[in-house]
Amino acid sequence: ANSSKTGSLDLTSRVQYDTNPNLTFGTPTGELTVSERADFNVTSETRTQRFDLSGGGSARYTFAGGAGGTFDFVRPDVNLRYSNDVKNAGVQATARYLTTDVVGFYDIDPSAVTIIVADPGTITNWGGSVSADFGRNAPASFNFGLSYNKDDVNGTADPTLYDSSSAAVNAGASLRFSPVTQGDVQLRHQIYDADDAASTRTQTSTVDVSVSHELKSALTLTGNLGYLTRDITVLGTSSQRSGFQAGLRVDQARPAGGVFGRIAYDGTGPSDRTSLTLGGSVQMPAADISGSVTAANVTGSGLELIGAASYSQQLVDGSVRFGVNQAFTTNQNDQEILTTRLNFQFLKNVTSSSDLNVSLNYTRSEDAGAGSYPTQNRATLGAAYNHALTPDWNMSVGYNHRLYSDDSSRADSDSVYLSLSRNVQFSF
């Protein structure tokens, strides 16, 4: 079979001064860092198979508090991805490894933050997954999956940070009853172990059945029914909680978007929730808008309102994006959490080879039940000027302000940086 092998190498030299790199409370110590980072990616692809290997690391020299400089190698990471797809089936496998500071680990993808952390420690995250599916074009198809995740923390000052691991197995089937009706069954079992003071161990099993049916007038009706069982062991004492979840959703496609409504019941958490959600989206030639609002009646808390909205527009000389989202989650310690995320980005092309990028990321987590989960806020405001010196050389200069606060304390950080990077593409 014909195959292609390509790769890239990114080299970045960076000078940065940060007044509080670890967002610590009290009187922080500023740091001046000079670093050289190398990132690589290699891809081998045939008609049915694809293999990706990427990774990198930084050599860093740090000056802090007037003391002598220190040299270290930071943020090494390796990522592997393999897929093999044939006409009616496929297999995928992934593996990853990363060591970085705790603050940097939760900065990787601010939109996916579920725990807000400010701490001087380091974390090593590694894991992998294997999945397979069969019968893609048949009336009945099946899927299977295994995954593992491990977090090792070192030198942390926060007692809520500890080593933990999780393993999960899932299996499912999809049945096409007719051209307009489809059913799905999904089974999942997860084991979570934490090396905390209580030696927490959680085993969660879920089963979910759903049926979707396409009606006239571009309407789709989807119903689901699920059941969850969770066994929690704390200090050697076990307890069990179980419950049902069910929902009914109606979607209507429109020529330039769509609308939907959903009524749901969730009895799988510490509190029972009955909710009604209404939402929609509009696509215009240069802009996209979407939004939803949810009213939830929560046992012991009464009525709660949450929402989500997003807006993006392509401008003549740039773009603007905005998004806000609120969601209820239950963590492995059986705490109910309300997470609010806000993201804003403005990009303006100054010239054909330069641009100005301004961004804001904000995340807030707070208790959503009768528990004691702390209120935490995390925000990053950034501005950067980027200029392409040549087709493969780029210069950036920027400023970031970061904020972390909880129920009793607040930490701020200001940083400025200058970086010079080069991207090299090759094939073999």
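Arg50 has 32% relative accessibility and counts as partly exposed. Here, buried means under 20% relative accessible area, exposed means over 50%, and partly exposed lies in between (1.4 Å probe, protein chains only). This is a predicted model: local features need pLDDT of at least 70, side-chain atom pairs count only at pLDDT 80 or more, and totals for chains, interfaces and linings use all residues. Residues are numbered from 1 along each chain as its sequence is written, and side-chain values use heavy atoms, with hydrogens and water left out.

**Exercise 1. Salt bridges**

Find the salt-bridge partner of Asp52 and classify the accessibility of Asp52.

Solution.
- Apply the criterion: a side-chain nitrogen of Lys or Arg within 4 Å of a carboxyl oxygen of Asp or Glu.
- Asp52 pairs with Arg50, with 2.8 Å between the closest N and O atoms.
- Asp52 is buried, at 13% relative accessibility.
- Side chains of opposite charge can pair when their charged atoms come close.

Now locate Arg136 and Asp85 in the fold, and give the N to O distance of their salt bridge.

Solution.
- The closest N and O atoms of Arg136 and Asp85 are 2.7 Å apart.
- Arg136 sits in the loop between β6 (122–134) and β7 (140–154), while Asp85 belongs to strand β4 (residues 70–85), so the salt bridge ties together parts that are 51 residues apart in sequence.
- Strands are DSSP runs (E, at least two residues), helices are runs of H or I with at least four, and both are numbered from the N terminus.
- Arg136 is partly exposed at 36%.
- Asp85 is partly exposed too, at 28%.

Next, trace the salt-bridge network that contains Arg37.

Solution.
- Arg37 and Asp39 join through their side chains at 3.0 Å, N to O.
- Arg37, Asp39 and Asp77 are linked in a network.
- Arg37 is buried, with 17% relative accessible area.
- Asp39 is partly exposed, with 23%.
- The count of salt bridges comes to 17.

**Exercise 2. Three residues in strands**

Determine the strand, the burial and the contacts of Ser83, Ser415 and Asn297. Contact means heavy atoms within 4.5 Å.

Solution.
- Ser83 lies in strand β4. Ser83 is buried at 17%. Beyond four places in sequence, Ser83 touches Thr48, Gln49, Arg50, Val91 and Gln92.
- Ser415 lies in strand β22 (residues 410–427). At 4%, Ser415 is buried. Setting aside neighbours within four places, Ser415 contacts Gln16, Tyr17, Asp18, Gly398, Tyr399 and Asn400.
- Asn297 lies in strand β15 (residues 287–298). Asn297 is partly exposed at 46%. With neighbours within four places left aside, Asn297 contacts Asp272, Arg273, Thr274, Gly302 and Leu303. The C-alpha atoms of Asn297 and Asp272 are 8.2 Å apart, with their positions 25 residues apart along the chain.

**Exercise 3. A nonpolar surface patch**

List the residues of the nonpolar patch, then name the strands that each supply at least two of them.

Solution.
- Apply the patch rule: over 30% relative accessible area and no salt bridge, with like charges joined within 9 Å and nonpolar side chains (Val, Leu, Ile, Met, Phe, Trp, Tyr) within 5 Å.
- The residues are Leu215, Leu221, Leu248, Val250, Ile263, Leu276, Leu278, Val293, Leu303 and Leu305.
- Together they have about 900 Å² of accessible area, from the Shrake-Rupley method with a 1.4 Å probe, where only the protein chains shown count as cover for residues.
- β12 (237–254), β14 (273–283) and β16 (302–315) each supply at least two patch residues.
- Leu278 is placed in strand β14.

**Exercise 4. The whole chain**

Compare the radius of gyration of the protein chain with the globule rule, then describe its overall fold.

Solution.
- Take the radius over C-alpha atoms; the rule is 2.2 Å times the number of residues to the power 0.38.
- For 428 residues the rule gives a value near 22 Å, and the chain has 24 Å, which agrees with a compact globule.
- The C-alpha trace spans about 65 × 55 × 40 Å along its principal axes.
- The chain has 1 helix and 22 strands.
- Of its 428 residues, 32% are buried.
- Among contacts between residues at least 6 apart in sequence, 47% join residues at least 24 apart.
- The accessible surface is about 23000 Å², and 59% of it belongs to carbon and sulfur atoms.

**Exercise 5. Confidence**

Find the stretch where pLDDT is below 50 and count its contacts.

Solution.
- pLDDT is the predictor's confidence in each residue, from 0 to 100.
- The chain averages 91, and 96% of the residues score at least 70.
- In residues 109–114 pLDDT is below 50; this stretch has 12 contacts in the model beyond near neighbours in sequence.
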